[in-house]
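Visitor: Hi, I'm new to this one. Could you walk me through it?
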Amino acid sequence: MVVKTGGMSHAAARLKLAQTAISIQIRDLEREIGVSLFERHSRGVVPTKAGEVLYERYNELERFLERTLEDVRSAAGSPAPRPFVIGLTPSHMRLVGADVLIAAGTKLPATSLKLVEELSFALIAALERKEIDLAFAYDVEGRPGLVREAVIEDELLFVTARANAPDDSPITFAEALSQELFFAGERGIVTLVRRMAQHLSLEPHIVSDMQSVPAIRARIAEGGASLLPYGSVADGVSRGIFAIRRIERPVPSRTLYMVSRREERSLLEDELIGPFLQDVVRHICRASAPYAIIVDPRFEIAGASS
């Protein structure tokens, strides 16, 4: 949770624990392993390379343990009800995660819901391994056995610390690329930026490409800049930490897909899951509406672009 939230205090609030308890557990863990797991700074913490490795391996172990428990129960002849598992990117988990859980309580009385947060490429891999049932992921290529349904075209915004923003006026793509840019681990963003830059004969000034969204947020807060979807920084914008500027000439954007394994019919048509999933998609569209175009008319909401 410290990695996901980017700070001891934020993790403590999410886990309903005292911040000192979190700090002590991290300190004891670092002593036991013998390496530093976080770099501390004024606005929070950023995982070190060792911390990133431990975080990734922990997630793998957690998924393995869940599968083991399911297999044990199944072998005993009393399998536990399997929850419906949805994968969200970090930006959409931050935007709509709480709303999705609330909707599940009213729309899925006969089953439980589990949300998984990963980057897009990891969500698709988990879907193919049948570890999750549905994913909302960016820039998904067509693959055998998977069905993708476009949901929104999501703009990338130029993001800086509020203190470093002269104003909120639009910035050209060329002007954005002239800045020192830091990117999170979403491979599609860096690929998109490099491809657009090459087409325009521009050279992007990319300083680093980290695998941690909290680390990127911390870097921006310290004075860096990035091109990110609104969901990655919406909370920081509302608190006056980040400033966003729309990018024009051209506008960089990515497609968000709802992806599932190929069945006889779409999950949206399922009598139980379908109405709930439509609510989830509408939550995503509503939260992204200021900086996104809704692709599928089934998910139109009042006052949103189409």
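Guide: Happy to! This is a predicted model. A nice place to start is Arg254, whose charged end sits over the ring of Tyr138, 3.6 Å from the ring's centre.

Visitor: How many aromatic pairs are there?
Guide: The count comes to 1 aromatic pair. Tyr230 and Tyr291 form it, with 5.0 Å from centre to centre. The planes are 45 degrees apart, and the pair is tilted.

Visitor: And where in the chain are Tyr230 and Tyr291?
Guide: They lie 61 residues apart, so to speak in distant parts of the chain. Tyr230 belongs to helix 10 (residues 230–238), while Tyr291 is in the loop between helix 11 (273–288) and strand 14 (292–294).

Visitor: Are those two buried or exposed?
Guide: Both Tyr230 and Tyr291 are buried. Across the protein, buried residues make up 46% of the 306 residues.

Visitor: Zooming out, how many helices and strands does the protein have?
Guide: You'll find 11 helices and 14 strands.

Visitor: Changing topic: what is the volume of the second largest pocket?
Guide: About 630 Å³. Its lining has 25 residues, and the closest to the pocket's centre are Lys4, Thr5, Arg94, Arg217 and Asp235.

Visitor: Which elements give two or more residues to that lining?
Guide: Those are helix 1 (2–5), helix 2 (8–15), helix 5 (90–107), strand 4 (113–117) and helix 9 (213–221). The largest share, 7 residues, comes from helix 5.

Visitor: Last one: what about the accessible surface?
Guide: The protein's accessible surface comes to about 15800 Å², and 52% of that belongs to carbon and sulfur atoms.

Key. Residues are numbered from 1 along each chain as its sequence is written. This is a predicted model: local features need pLDDT of at least 70, side-chain atom pairs count only at pLDDT 80 or more; totals for chains, interfaces and linings use all residues. Side-chain values use heavy atoms; hydrogens and water are left out. Rings of Phe, Tyr and Trp (its six-membered ring) pair if their centres lie within 6.5 Å; planes under 30 degrees apart count as stacked, over 60 as edge-to-face and the rest as tilted. Helices (H or I, at least four residues) and strands (E, at least two) are DSSP runs, numbered from the N terminus. Buried means under 20% relative accessible area, exposed over 50%, partly exposed in between (1.4 Å probe, protein chains only). A charge sits over a ring if NZ of Lys or CZ of Arg is within 6 Å of the ring centre and within 35 degrees of the ring normal. Accessible areas come from the Shrake-Rupley method with a 1.4 Å probe; for residues, only the protein chains shown count as cover. On a 1 Å grid over the protein atoms alone, a cavity is a set of points where a 1.4 Å probe fits but cannot get out, and a pocket is an open set with protein on both sides within 12 Å along at least five of seven lines; lining residues have an atom within 4 Å of a point. Grid points are joined across faces, edges and corners, and a volume is the space filled by probe spheres set on the points.
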